[in-house]
Amino acid sequence: MSAYFSYVSAKISSILTPEFWAAQWPEWRASILTCALILLFRLCYRNFILKLTGYLKQRYSYDFIDDFVKAFNHPVQTFLWILAFYMFIVLSPLNPFSQHPVFDKILRSSLIVCLIWGLYNLCDAGHGLIMKLLKRSSLHIDETVGELISALAHMMCIMFGIVLVANEWDYDITAFVASLGIGAMAIAFAAKDSLANIFGSLVIITERPFVIGDWISANNIEGIVEKITFRSTCIRTFYQELVYVPNNLLSNTPIINYTQREKFRIQFMLGVTYSTTREQMQIVCQQIRQLCEKMDEIHDEGIDINFFEFGDSSLNIRIVCYAKVPENASYLIKNQVYYQTRAKFNLEVKRILEENNVSCAFPSRSIYFETPIPGTDKKDL
């Protein structure tokens, strides 16, 4: 050890001599110029490139440029400082220091730290960025989901950075990774229901069976989706009750999304009396079919008007058609349009029956007595 210190002190003494500086001046000049160029580039980056990105954001309305620039601004400038110092040492004639492999590890570790730093900042400011991405994907979900995603991204950045830096310095990360696995298993067993709800929320976010504002029916609950979180989905029923359904149940049960209907089915049996003649039945069916084809509120496809069956107390006409509804409208507007179309269609069917002297049947029953009841006259029966 004393020999090593004496060697280092001798080298330092030789460095401090004027002869050393004069002989090694070309190498010093290269190191100083390289360091100066890197610092000049840092100055240009801070004064010109940042202003250029701001101009591009205003010129082309790029929403994400400002988030990326702010997130990586300080990490990039810090790394340029470290790179300038590294190049100054490596290109200098300071052989005991410049050739040491620790400088390469420091540079690579600094690059990793600055990248993780920028990603961490992006996730931090990225709550707004995450919400913008979700909204662009037509996922209008609650802001708490964006906060949870941002928190998970922060944790992933930190763990990923620790693993990369430890691996760069030749540390054994097997025990660290194994401890993470054991901890994750313990957490999974302790909170399996919560994790099931989280995975259910991820299924809802990725597959998008519904969004906020949709009218859905699932698990015997029908209403309007008001909020989606990582644990549950909030549904406002038509009785104005607020129901919180765990996402685990929603991801494993059939979901009916009424808002996504492109057309509403109109189907019912029209029962007419048995006194209706065959000619009247044919005319009524034909006119109802023509009515469906002429009405602008009814789709041309899927019309089915037929004399269906002989009922117990009526001749039944099966009517099937589809009402048009406006696209990209709320469930209230769609229902209002459907009910208006249904009312108009029913009135027109009523008019056709009246014009052809056909009456609607109602359930009735005739009772005949083989022997008269004592004390009554046959005329009274």
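These legends walk through a few close-up views of a predicted model.

**View 1. The whole chain, before we zoom in.** Let's start with the overall parts list: the protein chain has 13 helices and eight strands. Of its 381 residues, 32% are buried. The chain exposes about 24800 Å², and carbon and sulfur atoms supply 61% of that area. Now look at who touches whom: among contacts with a separation of 6 or more, 64% are between residues 24 or more positions apart.

**View 2. An open sheet made of five strands.** Try tracing the strands across the sheet, and you'll get the order 4-3-2-1-5. The pairing is antiparallel. Which strands sit at the edges? They are strand 4 (242-246) and strand 5 (255-257), and each of them pairs on one side only. The sheet also twists, by an average of 40 degrees from one strand to the next. As a reminder, strands of a sheet pair through backbone hydrogen bonds, either parallel or antiparallel.

**View 3. Strand 3 meets strand 4.** Zoom in on the edge of that sheet, where strand 4 pairs on one side only. Its partner here is strand 3 (residues 232-237), and five bridges join the two antiparallel strands. For a handy landmark, find Thr 233, which stands opposite Val 245 in strand 4.

**View 4. A hairpin from strand 7 to strand 8.** Here's another antiparallel pair: strand 7 (residues 304-310) and strand 8 are linked over six bridges. How many residues does the hairpin use to join strand 7 to strand 8? Just count along the connection and you'll find four. To get your bearings in the pair, look for Phe 307, which stands opposite Ile 317 in strand 8.

**View 5. Helix 13 and what it packs against.** Helix 13 covers residues 331-355, and here's a quick sanity check on its span: at 1.5 Å a residue, its 25 residues should span 36 Å, and its end C-alpha atoms are indeed 36 Å apart, so the two values agree. Which residues of helix 13 are buried? They are Tyr 331, Lys 334, Asn 335, Tyr 338, Thr 341, Phe 345, Val 349, Ile 352 and Leu 353. These buried residues pack against several elements: strand 1 (215-218), strand 2 (221-228), strand 6 (263-272), helix 12 (278-294) and strand 8 (315-324). So two of the views link up, as strand 8 is also the hairpin partner of strand 7. Finally, check the spot just after helix 13, where Asn 357 takes a positive phi of about 55 degrees.

Methods: Residues numbered from 1 in each chain as written. Predicted model: local features only at pLDDT ≥ 70, side-chain atom pairs only at ≥ 80, totals over all residues. Heavy atoms only, no water. Pairing = 2+ DSSP bridges. Axes fitted to C-alpha atoms, helices over the stretch in contact; angles between N-to-C directions. Expected span 1.5 Å × (residues − 1). Buried < 20%, exposed > 50% of the residue type's maximum accessible area, 1.4 Å probe, protein only. Contact = heavy atoms within 4.5 Å. Areas by Shrake-Rupley, 256 points an atom, 1.4 Å probe, with all protein chains shown as cover.
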